[in-house]
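Have a look at the protein below and turn it around a few times. Then let's walk through it together, one spot at a time.

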Amino acid sequence: MKKLFSIILAAAALFMTACGNTIAHVADIDDVKPWASVGTGSYEKCVYTIERRDISASGDAQLIASGTYVSEIEVLSDSATRVKTSFSLTYVDDDRAGDSRGLTDSYVSECAFATTGAHPIYSYKRMTLAVRPGETVNNSYTIIANYGDAETTVTTQDKDVSMPAATSRIEWRGQSSDIAINASGQIFDNEQLYYAIRSFKNIDEESSETFQLANLFDAHNNGSFSTHSMSVSVAENKETLLVDSAFTAFSTTTYNDKGEAIESIELNGNEENPQAKLDCLKATLGQTTSNPGPSQTVYFSDIPFRVDESGNTNSKVIVRIITKEYSGAQEKYNMIYHLASYTVNKDA
């Protein structure tokens, strides 16, 4: 079981786990969501490149896998917003990758949540894990959940599935089992995690927020539904990250006291290989338990992205994510997600 969890975490480092089932605090969220500057019909797509590195090796951190993470969000109506993600990670074809040499792990997920309150309506995840040497079963799995109080049909990338009210279903190792979703108060589903924290009003310098996260794989493994206590804390100082120069297309124009135009996104001045400079809020995301495990570092652009000619902007775009994995007390692996492209054009 320990080896299985290490594989799953390696394939989906965005997968958060924790303990506890106490819902008390209610996170304060934005009335107008950061991705919905033009209301119903708003669409946003972020593409990230992934580097998985062994940082425990001597010298520079060794690249052992690379891949792509794609996240799309669309405001479907005044009542529902949907996020879809896809993830693929391929390990290097040499001994650095150990049992994962040359293999590819992937997943797709989808989550619908309330446009205003952001509580989950349904979620879906299909994890496809390559079989490692010595394994006799395929550990890939599918989870579908209906958070509502009535039976509904959940549309997934594979098929339409009729789900009972307040039920989560896992298909794993040739078996299917259900658990009841005993949700109360404000919770968020793991598949909407990064959009949940983007919507928090307290994503600002020296601010923090706590919230409850439903991790359905963890719940099925434990045999019952639970929520997990999480926190996100923003550092006092901003950091400047360099991204592709194409990001200057999203720059907004302001004017100084002399009436001179100042672009919000500047180039780094390298004429041979110019890059855009984004001032970012640096946040730590993790558990709030006494044994919290590794945290993540999430960088939000502090510069709003202009998304149309009318001057509308989207905000708090996630520019970089760094996850950590430990071997005993030593930090062993980092997974780094770099924002490579951004669009609000659904046809792009």
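Is Ala118 buried or exposed? With a relative accessible area of 3%, Ala118 falls below the 20% cut-off, so it counts as buried. You'll find Ala118 in the loop between strand 4 (104-114) and strand 5. Its backbone is worth a look too: phi is near 70°, a positive value in a residue other than glycine. Most residues other than glycine have a negative phi.

Glu206 makes a nice companion, as its phi is also positive, near 55°. Glu206 sits in the loop between helix 2 and strand 12 (208-214). Its relative accessibility is 58%, over the 50% cut-off, so Glu206 counts as exposed.

Before going further, keep in mind that this is a predicted model. How confident is the predictor? The average pLDDT of the protein is 90, and 92% of the residues score at least 70. Among the elements, helix 2 (residues 193-198) has the highest mean pLDDT, 98, while helix 1 (residues 2-11) has the lowest, 48. The pLDDT is below 50 over residues 1-5, a stretch with eight contacts in the model beyond near neighbours in sequence. Residues 17-23 also stay under 50, and there the model has 26 contacts beyond four places in sequence.

Now for the inside. The largest nonpolar core has 77 residues, and the members that touch the most others are Ile197, Phe200 and Phe211. Strand 18 (residues 275-287) gives this core its largest share, six residues. There is also a second, separate core of eight residues, with Ala112, Tyr124, Val154 and Val161 among them.

Let's zoom in on Phe200. Leaving out residues up to four places away in sequence, Phe200 touches a run of residues from Ala27 and Asp28 to Ile29 and Asp30. Its other partners are Phe188, Glu209, Phe211, Val232 and Lys316.

Next, the rings. The structure holds 15 aromatic pairs. One of them joins Tyr141 and Phe217, whose ring centres are 4.7 Å apart and whose planes meet at 35°, which makes the pair tilted. Tyr141 belongs to strand 6 (residues 141-146) and Phe217 to helix 3 (residues 216-222), so the pair links distant parts of the chain, 76 residues apart. Both Tyr141 and Phe217 are buried. Elsewhere, Phe247, Phe250, Phe305 and Tyr342 form one aromatic cluster.

Some rings have a charged partner instead. Arg52 lies over the face of Tyr333, 4.2 Å from the ring centre. Likewise, the charged end of Lys125 sits over the ring of Tyr107, at 4.3 Å from its centre.

Right beside Tyr141 in sequence is Ser140, in the loop between strand 5 (120-128) and strand 6. What does the side chain of Ser140 reach? It comes to 2.8 Å from the backbone nitrogen of Leu129. The side chain of Ser140 also has a polar contact of 2.6 Å with the side chain of Asn138. Beyond four places in sequence, Ser140 touches Met127, Thr128 and Leu129, as well as Glu171, Trp172 and Arg173.

Another loop to visit is the one between strand 7 (152-155) and strand 8 (160-163), home of Thr156. Thr156 has 9% relative accessibility, under the 20% cut-off, and therefore counts as buried. A polar atom of its side chain lies 2.7 Å from the backbone oxygen of Lys159. Away from its sequence neighbours up to four places off, Thr156 touches Tyr124 and Ile144. You've met Tyr124 already, as a member of the second core.

Our last stop is Leu63, in strand 2 (residues 62-75). Leu63 has 29% relative accessibility, between the cut-offs of 20% and 50%, so it counts as partly exposed. Leu63 and Arg53 are ten residues apart in sequence, yet their C-alpha atoms are 4.5 Å apart in space. Apart from neighbours within four places in sequence, Leu63 is in contact with Glu51, Arg52, Arg53, Val92 and Arg96. Arg52 may ring a bell: that is the residue lying over the face of Tyr333.

Terms used
Residues are numbered from 1 along each chain as its sequence is written. This is a predicted model: local features need pLDDT of at least 70, side-chain atom pairs count only at pLDDT 80 or more; totals for chains, interfaces and linings use all residues. Side-chain values use heavy atoms; hydrogens and water are left out. A nonpolar core is a set of buried Ala, Val, Leu, Ile, Met, Phe, Trp, Tyr and Cys residues joined through side-chain atoms within 4.5 Å. Buried means under 20% relative accessible area, exposed over 50%, partly exposed in between (1.4 Å probe, protein chains only). Helices (H or I, at least four residues) and strands (E, at least two) are DSSP runs, numbered from the N terminus. Contact means heavy atoms within 4.5 Å. pLDDT is the predictor's confidence in each residue, from 0 to 100. Rings of Phe, Tyr and Trp (its six-membered ring) pair if their centres lie within 6.5 Å; planes under 30 degrees apart count as stacked, over 60 as edge-to-face and the rest as tilted. A charge sits over a ring if NZ of Lys or CZ of Arg is within 6 Å of the ring centre and within 35 degrees of the ring normal. A polar contact is a pair of N or O atoms within 3.5 Å; within protein, one must be able to donate a hydrogen and the other to accept it, and residues adjacent in sequence count only if both atoms are side-chain atoms.
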